[in-house]
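Trainee: Could we go through some labels on this structure together? I would like to see how each one is earned.

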Amino acid sequence: MPSFRQIVFVLSWLLILPASVNAQQSTLSGVVKDSSGAVLPGVTIEASSPVLIEKTRTAVTDGTGQYRLPELPPGTYTVTFTLAGFSTVKREGVEVTGGGVTSINADMKVGAVAETITVTGETPVVDIQTSTKKQVVLSGGVVESLPASRGYGNLLATVPGIQATGLDVSSGVSTNFFTARGGRGNEGTIQIDGMNVGSAFNGGGVAGFGYPIGESSEVQVTIAGGLGETDRGGPAFNLVPKTGGNEFSGTGFLSTAGKWSQGNNLNDTLRSYGLTDVPALIKNWDTNFALGGPIVKDRLWFFNNIRSYGNHQDIPGLFGNKNAGDPTKWTYLRDDSLKARSAAAKMIEAIRLTGQATARNKVGFYLDYQRVCNGSAYEKGAEQCRDRGDDWVALGSVGAGFFGALAPESGNVWDNREKITQFTWSSPATSRLLFEAGFSQFASRFGGQIPGGALTNFIPVQEQSVLGGVPIGNFTYRGWASAGSIEQFHDVWRASGTYVTGAHSLKVGYQAAFQIQKNFQNAGSQLRYIFNTNVPVQVELRDAPFWQSNRTRFDAIYAQDQWTRGRLTLQGGVRYEHAWSWFPEGENGIVSDNQFGSTYLFPRTDGVTGYHDVTPRMGAAMDVFGNGRTSLKVNISKYLQAANNDAQYTISNSAVTFQTTTNRAWTDINRDFVVNCDLKNPAAQSPSTTGSIDTCGPWLNSNFGNPFSTTTVNPDVLHGWGIRPYDWQFGVAIQQEIVPRVSVDVSYNRRWWGNFFFTDNRAIGPEDFDIATMIAPANPNLPNGGGYPVSFYTRNARKPLGATDNYYTFASDYGDVTTYWHGVDFNINARTNNGITFQGGTSTGRGVRNYCPVMQKLPETYVTPLTVLANQQVGACAVTEPWLTAARGLVSYTVPKIDVLLASSFRSTPSVQPSTVNTYVATNGLSTSANENVTTAVLLAQQSTLGRPLVPGLAFQTVDLSLPGQVYPDRINSLDLRAAKVLRFGRTRTNVGFDFYNLFNSYTGTAYNQVFDPPPSNGAA
């Protein structure tokens, strides 16, 4: 974690030889004039580079003297201008990167045909034509130089404007959801060669795959926007892969770290939070060898990559349970002789084949196969990809509180495989016509599997309070409970044609995706107990094992054009998209008979029967002074929420809404830790009324185990034009070259969302809730030290607990929803002649949300888990966030003469993470919560105005004592550094050096305990 210094020794072999690559949407463009300033039509422009399979790409200026060469892979080009009667002009060393436009103009004079004039000049750093997309490009050389551990999450931490769920930059490869400009936390997508390779659900953007960062020639990070070929308005992380060439070339990389490489920043502040040890790095490694070259020279090339990487790290404060495995024990007793750790590793084999079928037809094939081993066996010697140790077990959890929310006996393992398969074809048929097509599949089996030797026959316990002897509130121990594993396939395919003249670039295309998601919910015991200070207060019932299977498909066609007239460039696009979903027969429902249900599989049903949407995208860019150094840009575009197995696409799947769990209050009168009630009877039971030994409240979910859909879906939600959630984006920016090769970009951006959906429990209404106001306790961790009123909705007794009649429909049926984000970005991009590369900037913004008109009619949203206002106070429905600023960047420099590489990444960001709840948008990220489990005793102690206890059968209610946007942790300030000596041997270059993570040994927290459970006070790690 960046809270603790980690010094990583890096040995790397970097054999830098020419290699061909494949990229997305880079364009060379310009104007050719004669010595009098008149435009010259009919000039032939040749762009040649080793990165081109066809060696040379050509274009001809039109009647306006303009030319355009689209879809060029990144690399260094020589651009030659020829016209009969004029001297040939040659421009060398033109650098083409990213997905924008590089403008190279030429002035030609009358002269002999054989005469060639070589012109020198800097490659422009201002894009005077692209207005609809904001992008940051990290070259392969920059990626190789950074102390970023070859993980996309670590690279994202260097890009201004990105908001990610991971706040850590460490020696390990990290995986993050990400977004930008207030968007849904799961809208960011990972791409290889421009095709999505994320999951088939939950946004469809990312996965735990070991993406080939080190084997990419360039990384293109789109912050927001795009024309018709863009399927969503959020950010994209596109890896442009390396391929083989006509000469054999290779790279080797080796890094390692361990306890010897880590400092200690444990101080009195961290100790006051309850931390007694650091999250010690046990071992970290990354080995990677790649080789590319010809199979048949000039016809068929290969690029092969083998990689092994992993990370083992202690989880601070988390130990084994001495009472685990003893059926007579129901408490957690810390076992100092058994430490919990996180342990993850992957073995990777990848091959890319590229062939030149004809002079103008290139084909490619890519296969990346990965074996995953996260976690360990629970019992030593049990069958698993990793055995446990004598004094450690790798089944701890991280990210759910600073200790981890699960004891080792309740943890899960991921022991399976993943792979990516791709096919591509491209053909520059003529100087004006380009065709391309591609297919990609991401296939994965992942999730919570049962560890070897797990205690599946033991009833797990969740203890709410540290007074019960657990390291953190809501801590689970004693037995293995339940976990979901997923098999998924994310298939995408595309085809397009581009027609280019000098002034115009017209592109039409087709895109589609088919996404398969198969969830399997395992279960050990069918019960889970909830304790408070070792006293049973509630029991959870589970109907399992259970299957859920979803299918989502979309098809899209688009057209887009870019038109340059003088100093003005107009961009416009339109996209039509059709999406639908369904749920196959025999793959949804209860798999086998169990304690609470019988085998039941649902028939095939339809989900979304047909969404139709047309979305416009448009922008304009002005070369303000006509010298290519100042560009004014404005854009406005509409985008759709991604179509994948989530939200409205799956809401009508009976297996999705099938109620597999319910809770009920429980008083263990005879203290035998057996629920002496009829658990299958949903009604309340007690010794005085039903003759039961224990007292049990009613089911809190009356639809538990019912073999039918428990949610009625408004049919108008599932089809029609303009139904899908969408967002509009508006931006205005100015980009200025301040000195050669250095540019500054300042922009104002606004984003707003529409088409929300909510679930109305029609069995209850506003009259079934009372507002309780209590006084927050005095505590330094609460806003202003506590002592303020807290008002929240709580059920009354007008209707029975558990009454459920869910109706999924438009938010507009109940009232208006207002959500928008706006802010200012400032960026600097420098590639100086003396070898310094600097990219960095700031992003300042705030979110505004108002759900109050809807929430007044749907107060049950406040007490429904995983909703946008779950556990919140009454006033949380309207939020105006404070302005928050994040600064990020990177710098790289090789000191001449002594050949020493110095590279650094830095950031100063708010300690916030975006939410992946679908309706939670217009935010910089979640503020800190203080979730108190409010019981009747707490109501009395905190001077409640309710005037009564909680409704009978409701053992407790969770209430957040802070409001959204009210409390944020300390900022995260981090600086990472790489220092390496460059050793050159002929055509071979070797870097030998050190990476220093969190160089200044900051102890700022990155994960916080969100459970308010004094004493002790909340903490951070």
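Trainee: Why is Asp606 called partly exposed?

Mentor: This is a predicted model, and the computed relative accessibility of Asp606 is 43%. Partly exposed covers what lies between under 20% and over 50%, so Asp606 gets that label.

Trainee: What makes Asp606 and Arg604 a salt bridge?

Mentor: Their closest N and O atoms are 2.8 Å apart, and the cut-off is within 4 Å, so the pair counts. Arg604, with a relative accessible area of 45%, is partly exposed.

Trainee: Nice! How do you know that Arg551 is buried?

Mentor: Buried means under 20%, and Arg551 has 9% relative accessibility, so it qualifies. Arg551 forms a salt bridge with Glu587, the closest N and O atoms being 3.0 Å apart. Glu587 has 23%, so it counts as partly exposed.

Trainee: Why does the pair of Glu587 and Arg551 tie together parts of the sequence?

Mentor: Because Glu587 sits in the loop between β33 and β34 while Arg551 belongs to strand β32, the pair links parts 36 residues apart in sequence.

Trainee: What makes Phe730 fit for the nonpolar surface patch?

Mentor: Patch residues need over 30% relative accessible area; Phe730, in strand β43, has 31%, so it passes that cut-off. The patch, of about 710 Å², also includes Leu632 and Phe826. β38, β43 and β49 each supply at least two of its residues.

Note on methods: Residues numbered from 1 in each chain as written. Predicted model: local features only at pLDDT ≥ 70, side-chain atom pairs only at ≥ 80, totals over all residues. Heavy atoms only, no water. Patch = residues over 30% accessible without salt bridge, like charges linked within 9 Å, V, L, I, M, F, W, Y side chains within 5 Å. Areas by Shrake-Rupley, 256 points an atom, 1.4 Å probe, with all protein chains shown as cover. Salt bridge = Lys/Arg side-chain N within 4 Å of Asp/Glu carboxyl O. Helix = DSSP H or I, 4+ residues; strand = E, 2+ residues; numbered from the N terminus. Buried < 20%, exposed > 50% of the residue type's maximum accessible area, 1.4 Å probe, protein only.
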